[in-house]
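Trainee: I have a new structure open and would like to go through it with you. Can we put it up and start with the vocabulary?

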Amino acid sequence: LFDQNILEYYKIKIDELLTGVYCTNCQAYSMIRDKGNWHCIKCFKNSKDAHFLALMDYFLLIGNTIKNHQIRNFLHISSIYNASRLLSKLNLPSTGSKKDKVYYLDELSEQYFF
């Protein structure tokens, strides 16, 4: 089911994707991370887990592994430490340490789809 490369199939480049965290209230990619919450800068909605759907998009479109710098780029998080905290709270399996640490999103997809 998830073996197909959707981006390749539709001839979409990774840099053409809308990234960031989607606000389900105003339908904009306008949420920012602050003090453990996501805040929409357009409608002011707050969410603790708005990043979850963005990570599922990443999993389905890009791949089943993610590193700190990749999550920062995809979710528009500037802090290495905030991204690390976010990833560690997900309790995902990982390998490596520090700069080489890789998190596996497969378990996240199982929680979401099954």
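Mentor: A residue is called buried under 20% relative accessible area, exposed over 50%, and partly exposed in between, with a 1.4 Å probe and protein chains only. This is a predicted model, in which local features need pLDDT of at least 70, side-chain atom pairs count only at pLDDT 80 or more, and totals for chains, interfaces and linings use all residues. Residues are numbered from 1 along each chain as its sequence is written, and side-chain values use heavy atoms, with hydrogens and water left out.

Trainee: Let's try the terms on Lys-45, then. Is it buried, exposed or partly exposed?

Mentor: Lys-45 is partly exposed, at 32% relative accessibility. It sits in the loop between S2 and S3. Strands here are DSSP runs of E with at least two residues, helices are runs of H or I with at least four, and both are numbered from the N terminus.

Trainee: What does Lys-45 touch, apart from its neighbours within four places in sequence?

Mentor: Contact means heavy atoms within 4.5 Å. On that basis Lys-45 meets Cys-23, Thr-24, Asn-25, Met-31, Trp-38, His-39 and Cys-40. The C-alpha atoms of Lys-45 and Asn-25 are 7.0 Å apart, with the two positions 20 residues apart in sequence.

Trainee: Let's zoom out. How many helices and strands are there?

Mentor: The protein chain has five helices and six strands. Along the sequence they follow the pattern α-β-β-β-α-β-α-α-β-β-α.

Trainee: And what radius of gyration does the chain have?

Mentor: The chain has 14 Å, which agrees with the value near 13 Å for a compact globule of 114 residues. That radius is taken over C-alpha atoms, and the globule rule is 2.2 Å times the number of residues to the power 0.38. The C-alpha trace spans about 35 × 35 × 30 Å along its principal axes. Of the 114 residues, 32% count as buried.

Trainee: Back to the strands. In what order do they form the open sheet?

Mentor: The order is S1-S2-S3, with antiparallel pairing. S1 and S3 (46–47) stand at the edges with a single partner strand each, so one side of each has no neighbour in the sheet. Two strands pair if DSSP finds at least two bridges between them, and S1 and S2 have four.

Trainee: Which residues face each other there?

Mentor: Ile-32 stands opposite His-39 in S2, and Arg-33 has Trp-38 in S2 as its bridge partner. S1 and S2 form a hairpin with two residues between them, and Lys-35 in the turn has a positive phi of about 50°.

Trainee: New topic, helix H4. Which of its residues are buried?

Mentor: In H4 (residues 80–89) they are Ala-83, Leu-86 and Leu-87. Seen down the axis of H4, they fall within an arc of 95°, so they line one face of the helix. The arc is that of the directions from the helix axis to the C-beta atoms. As background, an α-helix has 3.6 residues a turn, so residues three or four places apart point the same way.

Trainee: And what is on the face turned away from the buried side of H4?

Mentor: That face carries the exposed residues Tyr-81 and Lys-89. The buried residues of H4 pack against several elements, including strand S1 (31–34), helix H2 (51–61) and helix H3 (68–75).

Trainee: Anything from H2? Is His-51 buried or exposed?

Mentor: His-51, which is found in helix H2, is buried, with a relative accessible area of 7%. Not counting residues up to four places away in sequence, its contacts include Arg-33, Trp-38 and Leu-86.

Trainee: And from H3, which residues does Asn-68 touch?

Mentor: Leaving out residues up to four places away in sequence, Asn-68 touches Ile-80, Ala-83, Ser-84 and Leu-87. Asn-68 is in H3 and is buried, at 14% relative accessible area.

Trainee: Which residue shares a polar contact with the side chain of Asn-68?

Mentor: The side chain of Arg-72 does, at 2.4 Å. A polar contact is a pair of N or O atoms within 3.5 Å; within protein, one must be able to donate a hydrogen and the other to accept it, and residues adjacent in sequence count only if both atoms are side-chain atoms. A polar side-chain atom of Asn-68 also lies 3.1 Å from the backbone oxygen of Ile-80.
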